[in-house]
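Visitor: Hey, got a minute to walk me through this one? I'd like to start with the charged pairs, then wander around a bit.
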Amino acid sequence: MAAWDTTPPPLRASDSDRDRVIRVLKDGSVEGRLSYDTFVRRVDLALRARDSSELAGLLRDLPSGRRSPFVARVIGWWSTFTAQVQGAWRSPHLPRLVLPRADRTVFTIGRALDCDLALDDMTVSWRHAEMRRTEDEWVLADLGSTNGTRVNGWRVGTGFTVRPGDCVTFGAVRFRLTDRP
């Protein structure tokens, strides 16, 4: 009398199962949990797998890449913070230009000695720009200079409102505006 085997045959591997396993292998390779050579060898084995148990065996020793949401948030925050610190450290430290506090309403900038802010730089025109006080604001205007006037990278025309913290450029000379001496 023959004994009957009661174990069901292994489930045949479907294309979607293969795609899922290959996606997990790819993510593991991208995250550095799997070498390139191992990735290529396992993808080949995944494409040749006859059943689901063979596919599961390809992922058995792969460390889990899942992180808790809290850990992911902390890592994201830390990455953003360090990027901001590195950006601030690498950004040029600009000399400060203090906005005038007196009752003056016009402040001239240029290479001429009679300008309120005389800049000894060949990229600055003789009468390069002026700042005019309007109520509570200062407006910076270019006076037809050769190399232009910019605020935070934007070219200034006949008037551009400036505030403390803005980066102003006259030709190649740059300043950071401040309201404190």
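Guide: Sure. A salt bridge here is a side-chain nitrogen of Lys or Arg within 4 Å of a carboxyl oxygen of Asp or Glu. Keep in mind that this is a predicted model.

Visitor: Okay, how many salt bridges are there in the whole structure?
Guide: The search turns up 7. One of them joins the side chains of Glu-137 and Arg-163, at 3.8 Å from N to O.

Visitor: Where do Glu-137 and Arg-163 lie?
Guide: Glu-137 is in strand 5, while Arg-163 is in the loop between strand 8 and strand 9, so the pair links parts 26 residues apart in sequence.

Visitor: Buried or exposed, that Glu-137? And Arg-163?
Guide: Glu-137 counts as partly exposed because its relative accessibility is 35%. Arg-163 is partly exposed too, with 46%.

Visitor: What does Arg-132 pair with?
Guide: Glu-130, with the closest N and O atoms 2.8 Å apart. Glu-130 counts as buried, at 12% relative accessibility, whereas Arg-132 is partly exposed at 41%.

Visitor: And which residue does Arg-33 bridge to?
Guide: Glu-31, where the closest N and O atoms are 2.9 Å apart. Arg-33 has 25% relative accessibility, so it counts as partly exposed.

Visitor: Switching topic: what's the strand order in the sheet?
Guide: It's an open sheet of 5 strands, ordered 3-2-4-5-8, with mixed pairing. Strand 3 (117–118) and strand 8 (160–162) are the edges, each pairing on one side only.

Visitor: Strands 4 and 5: parallel or antiparallel?
Guide: Antiparallel, over 6 bridges, with strand 4 covering residues 129–134 and strand 5 covering 137–142. Ala-129 stands opposite Asp-142 of strand 5.

Visitor: Now aromatics. How many aromatic pairs does the structure hold?
Guide: Just 1. Phe-170 and Phe-175 make a tilted pair, 6.3 Å centre to centre with 55° between the planes. Phe-170 and Phe-175 are both buried.

Visitor: Which charged end sits over the ring of Trp-126?
Guide: That of Arg-111, 4.3 Å from the ring centre.

Visitor: Last one: which residues make the nonpolar surface patch?
Guide: Trp-77, Trp-78, Phe-81 and Val-85, giving about 450 Å². Phe-81 belongs to helix 4, residues 69–90.

Visitor: Why does Phe-81 count as partly exposed?
Guide: Because its relative accessibility is 36%, and partly exposed covers what falls between buried, under 20%, and exposed, over 50%.

Terms used. Residues numbered from 1 in each chain as written. Predicted model: local features only at pLDDT ≥ 70, side-chain atom pairs only at ≥ 80, totals over all residues. Heavy atoms only, no water. Pairing = 2+ DSSP bridges. Helix = DSSP H or I, 4+ residues; strand = E, 2+ residues; numbered from the N terminus. Patch = residues over 30% accessible without salt bridge, like charges linked within 9 Å, V, L, I, M, F, W, Y side chains within 5 Å. Areas by Shrake-Rupley, 256 points an atom, 1.4 Å probe, with all protein chains shown as cover. Buried < 20%, exposed > 50% of the residue type's maximum accessible area, 1.4 Å probe, protein only. Phe/Tyr/Trp six-rings, centres within 6.5 Å; stacked < 30°, edge-to-face > 60°. Lys NZ or Arg CZ within 6 Å of the ring centre and 35° of its normal.
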